[in-house]
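Here are my notes on this one, jotted down as I went through the chains. Have the viewer open while you read.

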Amino acid sequence: MEKMPRWADAVLVPLFSLVLAAILSAVVILAIGESPVKAFKLMVDGALMRSAGWGYTLYYATNFMFTGLAVAVAFHARMFNIGGEGQAMLGGLGVALVCLYIPWPHWTLALIGATVGGALFGAAWALIPAYLQAKRGSHIVITTIMFNYIAFSVLNYLLVNVLIAKGSMDPATPKFPEPTHLPTFQDMFSTETTTLFKSAPANVSFFLAILACIFVWLLIWRTRLGFEIRSFGHSETAANYAGISGVKITIIAMLISGALAGLMAVNTTQGEAERLVLNSTEGAGFIGIAVALMGRNHPVGVFIAALLFGFLYQGGAELAFWTSIPRELIVVIQALVILFTGALDNMVRMPLERLFLALHKKEPN
Amino acid sequence: MSRAQVTEPAIELKGISKAFGPVQANKDISIRVMPGTIHGIIGENGAGKSTLMSILYGFYKADKGEIFINGNHTVIPDSQAAIAAGIGMVFQHFKLVQNFTVLENIILGAEDGKFLKPSLAKARKTLIELEQEYGLEVDPDAVVEEIGVGQQQRVEILKALYREAQILILDEPTGVLTPAEAAQLFRILARLKEEGKTIILITHKLREIMDITDTVSVMRRGEMTATVKTSDTSPEELAELMVGRKVLLRVDKAPANPGVEVLSVENLRVTDEAGVERLKGVSLNVRAGEILGIAGVSGNGQSELLEVLGGMCSGTGSIRINGQEIDLTGKFSDGQSRRARGIAHVPEDRQREGLIMDFHAWENMIFGYHHDDEYQSNRFLMDNSGITRLAQEKMERFDVRPPNPRLTAKSFSGGNQQKIVLAREIERNPDLLLVGQPTRGVDIGAIEFIHQQIIALRDAGKAILLVSVELDEIMSMSDRIAVMFDGLIMGERLPSETDEKELGLLMAGINGEAA
Amino acid sequence: MDLNTLLLVLDSTVRLATPLLLACLAGLYSERAGIFDIGLEGKMLMAAFFSAAVAFVTGSAWLGLLAGIASSMVLSAIHGLASITFRGNQLISGVAINFLAAGMTVVVAQSWFKQGGRTPSLQGDARFNPIDLPLAETLSGIPLLGPIYHELLSGHTVLVYIAFAAVPFTWWLLFRTRFGLRLRAVGENPESVDTAGVSVIGLRFAAVAIAGILCGIAGAYLGTALQAGFVKDMTAGRGFIALAALIFAKWRPWYALSATLLFGLLQAIAVRFQNIDLGGFVIPVQFMEALPYILTVVILAGFVGKAIPPRAGGEPYVKER
């Protein structure tokens, strides 16, 4: 029998973890001599009270949806893909090549092309770790970490030596041609009288991220492949009984995971920077871990958690602007969320389970 | 070593009980073992022997009961206390560090002081003495993973002796040994007994009990059913005590009406990952409309037989289904293609293999058959609501309680979990049904229902291969019975022409006809 | 390349290898006991900040060192709590620790020093200063050996000598003492330790604590010796290179020394030469930077000798079924 209802495990454990992380963060803010209440107000004001703030929040959330989904899909096959960062970097390369070297007539076609390019390059970067895990048992966590660093070196080399704009010292590609530029929320939602999302980076790839959430939801819960991925993730022996190939699932799940991480580049590289820069990922690949853990590997959860982290990111930037609290406070919160939802989950779960057991006993059977 | 002590038992257990969750592994067990004797504990796998001994060794904590060592009440909260009380244990799965040398394994936890050199030197000296005393030869500097299992077992014994154990417990010590190695082990045990050590030997092999023990206790389903002097008993009596005369479940069935041969197996061999040959050339056949029961003490190759037939592992030899050869290399065939060929499989371990415990019942209802177009609503998406509806119908037909397809598998009782697996496999209308331990951990009420369903499938003209360690189940269900021992078929009998005694002997590797 | 250039490169190899070596040995203790530790990076970073901060405030590098060790051990305790006590996922715990350190160091640095997440530059006794070995000056005139002694062996901070001394010490502790025997056993087969009546939990916490101390020294070296103060993310992936070196070294102390020296050399070459011209074919500096990671993947794939990790690594020990 289950000690506590499913919904409680899915909702209360992340919520409780978030509360714990929030309390500890408040303690940190107090310790450095600022007021947590004031800080929270500033964050809400900056991230949610103006459309420009929303424009940033949703831009960050778009990144985190892609990377969160990437981690989640791998988790469903019981693999820990820490390589989202590197896969997103390579995705950026794919997007850049597609945007730079193919003459697109219109942004809609360029978006499709960039989506394919980003996904392919991201997936390709996940392929080697996936193959080594499936065939040679090399631990995917270590290999994906290594591939993050290798990705940085590859990108660094290409940007400095090959793709760099002529006459520039900045390791970045030239600006992408005009027809590849994606409409921002400002372009899309402003009317003649009111300007909404003023100069915020949120763009049409936000909707691509929502599509990705729906895609993952369908994939995991409505397709045979998703059924096999989940089966393999829950029990390798049962998967063997059912004739599900572990090698195949490991590789396919990682390819999908890498592709999703690579898609993030559509937002950052094509949508925002409109050129490929060296640090375009800005750690979003790692935030995907927190997002997936907190979202319980479910697309709806990932969507909500990504919005939350988008808010934290934008709010954190506001904090850094108006107070002495640096942006890195958000990294602390991110760490605490990962710690409580992913590693100390038993500690969080135990008191909740006891609570439910006590409630259960009170009811007459 | 005189006076009253002589009459005190070396070990006395009083009323030991231990449960793992809902499973009662030991129920109110009492036992007395006199010093300087070899005491056997016999019973089927899962009877609770190993649990009892792990409690004595402080590896598990008993829920209830007391332990007396040499007449003194002794509390054994951990292995340290057991060692201090003079108890040594050789586990069935050795607790050795594979990349350590023999000597390092022996001193681990029993070092003299903080530095290894003096400890190793002392151990080396003691080892030579022990070797000479008991004939326990082993190279002290060999790395454990590079020596054979027989040698590894000696290391375990030496570990106990090095800790000056007076009482030695051996759990299924011959399970991994060749007959020659086993004979050597028994010579060593006899020497140990001569030197005044007390030995407890846990086994499911009758011959070992008869050969070497002074007294024997029989365990069945967590309970101690008898303790007798070995010289006062016979293998036949022990076999009966061990397998048990359970109330025969009545199974109503008409005589079989066998048709064409559905399954034909020839010279089937399976080698496991550790390189041990588990099936050593099995040949058998099953015809349409009959149940072939495979009897045997578990661990004699039945699991591997089911696995290779179900496509879970590779093997050599030949399997033909409806006259067509099946690929055994695992390259061109797996569980999916076996199902496509009409082989359904109710696995022995439904919780680890047959079901995914965190999946809903409706998902489990198509597990293994999830590629079937019947379950798709279009080319890409599965028809989840249709599957759920179908699952509910099947659950109702198979009397799964509650018939709610949206509950997870782990929230059903053992019997209802098994009904889900059976419903899934039987409703696919297979030509051949493989069934392993259909009623293990199943409540009485569900047993009869499950048996009826299997019989009904037989009467519908399907071939059934039934593996069970429950002899009465085999006796009442089968149309023919094959007994497996040590990876081979020991013999085949008709249920009407044999009895439990004969089957029990065959299961213990003793061929009645030859004797 | 003349002798002087060679000596310069080797000298900087030693400096760059030191933090790798300490972190690698930290990982060695932890993983030998069956606890995966991908939080080496975070522990070093935390220690780098707190050692530099305390050294700046007190003016004593030694007090800084103690503070660095203490802060690193706090993170070790969290890791132990998650992975030993609560049987959580050791990898996720390590990831969390890395981020915790990356965030906390900057937040606290900004609050204390208000210099954009760094400490002020350390001067005088707030830094570990080079030690001249006896007669270094006198002997420097001797051809070949003199410069080697003077440039390469002499003139490092005490932490460098501690790091190199830690190698034989670790070897001795692991392979010549009771503690080492038990530690290695608990990472291979915790049941063997448990049935021998020794506490699995105790041993594992001890190993994690030692890892904390070593990462603390490594961080203090970065913050108070190699550089004159803490800057944001100053570990720059050294924790992961150390992890790579550990796999490369097959979890052995002497091999760890060779592996970290090799990786240190790669870093030193990348710093000194940028792009290496091999007669028309140019090896880009980025390739040199990525080489440790590429080597690790090749090793992991089992193409160059199989690296077999401790058998019980990453698995929480659960006795009762």
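**Notes on the predicted model**

1. Let's start with where chain B meets chain A. On chain B 25 residues take part in this contact, and on chain A 17 residues do. Two helices of chain B, H10 (335-340) and H11 (350-354), each put at least two residues into the side that touches chain A. Sorted by class, that side of chain B holds 10 polar, 9 nonpolar and 6 charged residues. Keep in mind throughout that this is a predicted model.

2. Now for chain A against chain C. Here the contact takes 37 residues from chain A and 38 residues from chain C. On the chain A side, the elements giving two or more residues are helix H5 (107-136), helix H6 (140-162), helix H14 (329-343) and helix H15 (345-362). Which of them gives the most? That is H6(A), with 11 residues. By class, the side of chain A that touches chain C has 23 nonpolar residues, 11 polar and 3 charged.

3. Inside chain A, have a look at H4 and H5. The axis of helix H4 (residues 84-101) comes within 7 Å of the axis of H5(A), and the two cross at roughly 140°. The crossing of H4(A) past H5(A) is right-handed. From H4(A), the residues that meet H5(A) include A:Gly86, A:Leu90, A:Gly94 and A:Val98. Among the H5(A) residues that meet H4(A) are A:Gly113, A:Gly117, A:Phe121 and A:Trp125. Overall, the contact of H4(A) with H5(A) has 14 nonpolar and 8 polar residues, and no charged ones.

4. The second helix pair in chain A is H3 with H8. What angle do their axes make? Helix H3 (residues 51-76) and helix H8 (residues 205-222) of chain A cross at roughly 20°, with axes that come within 9 Å. Angles under 35 degrees count as roughly parallel, so H3(A) is roughly parallel to H8(A). H3(A) passes H8(A) in a left-handed crossing. H3(A) brings A:Leu58, A:Thr62, A:Met65, A:Phe66, A:Leu69, A:Val73 and A:His76 to the contact, while H8(A) brings A:Ser205, A:Phe206, A:Ala209, A:Ala212, A:Cys213, A:Val216 and A:Ile220. In class terms, the contact of H3(A) with H8(A) is 11 nonpolar and 3 polar residues, with no charged ones.

5. A:Gly113 deserves its own entry. The residue belongs to helix H5 of chain A. Is A:Gly113 buried or exposed? With 19 C-beta neighbours inside 10 Å, A:Gly113 counts as partly exposed, because buried status takes 20 or more. Beyond its neighbours within four places in sequence, A:Gly113 has contacts with A:Val98, A:Ile102 and A:Trp104. The C-alpha of A:Thr180, 67 residues away along the chain, is 9.7 Å from that of A:Gly113.

6. On to chain C as a whole, which has 13 helices and 2 strands. Its radius of gyration is 20 Å, close to the 20 Å from the globule rule for 321 residues, so chain C is as compact as a globular protein of that length. The C-alpha trace of chain C spans about 65 × 50 × 40 Å along its principal axes. Of the 321 residues in chain C, 55% are buried. Taking contacts in chain C between residues at least 6 apart in sequence, 77% join residues at least 24 apart.

7. One residue to find in chain C is C:Val318, in the segment after helix H13 (285-300). C:Val318 has 8 C-beta neighbours inside 10 Å and therefore counts as exposed. From C:Val318 to C:Arg32 the C-alpha distance is 18 Å, with their places 286 residues apart in sequence.

8. Finally, some backbone geometry to check. Most residues other than glycine have a negative phi, and most peptide bonds are trans. B:Arg401 and B:Pro402 are joined by a cis peptide bond, with omega about -10°. B:Pro402 sits in the loop between helix H13 (384-397) and helix H14 (414-426) of chain B. B:Asn267, not a glycine, has a positive phi of about 45°. B:Asn267 is in strand E11 (residues 261-271) of chain B, and its 12 C-beta neighbours inside 10 Å make it exposed. C:Lys250 also is not a glycine and has a positive phi, about 50°. C:Lys250 lies in the loop between helix H11 (238-248) and helix H12 (253-273) of chain C, and with 15 C-beta neighbours inside 10 Å it counts as partly exposed.

Technical notes: Residues numbered from 1 in each chain as written. Chains lettered and ligands numbered in written order. Predicted model: local features only at pLDDT ≥ 70, side-chain atom pairs only at ≥ 80, totals over all residues. Contact = placed C-beta atoms within 7 Å. Helix = DSSP H or I, 4+ residues; strand = E, 2+ residues; numbered from the N terminus. Nonpolar A, V, L, I, M, F, W, Y, C, P; charged D, E, K, R; others polar. Axes fitted to C-alpha atoms, helices over the stretch in contact; angles between N-to-C directions. Left-handed = near helix turned anticlockwise from the far one by under 90°. Parallel < 35°, antiparallel > 145°, perpendicular 65-115°, else oblique. Rg over C-alpha atoms; globule rule 2.2 N^0.38 Å.
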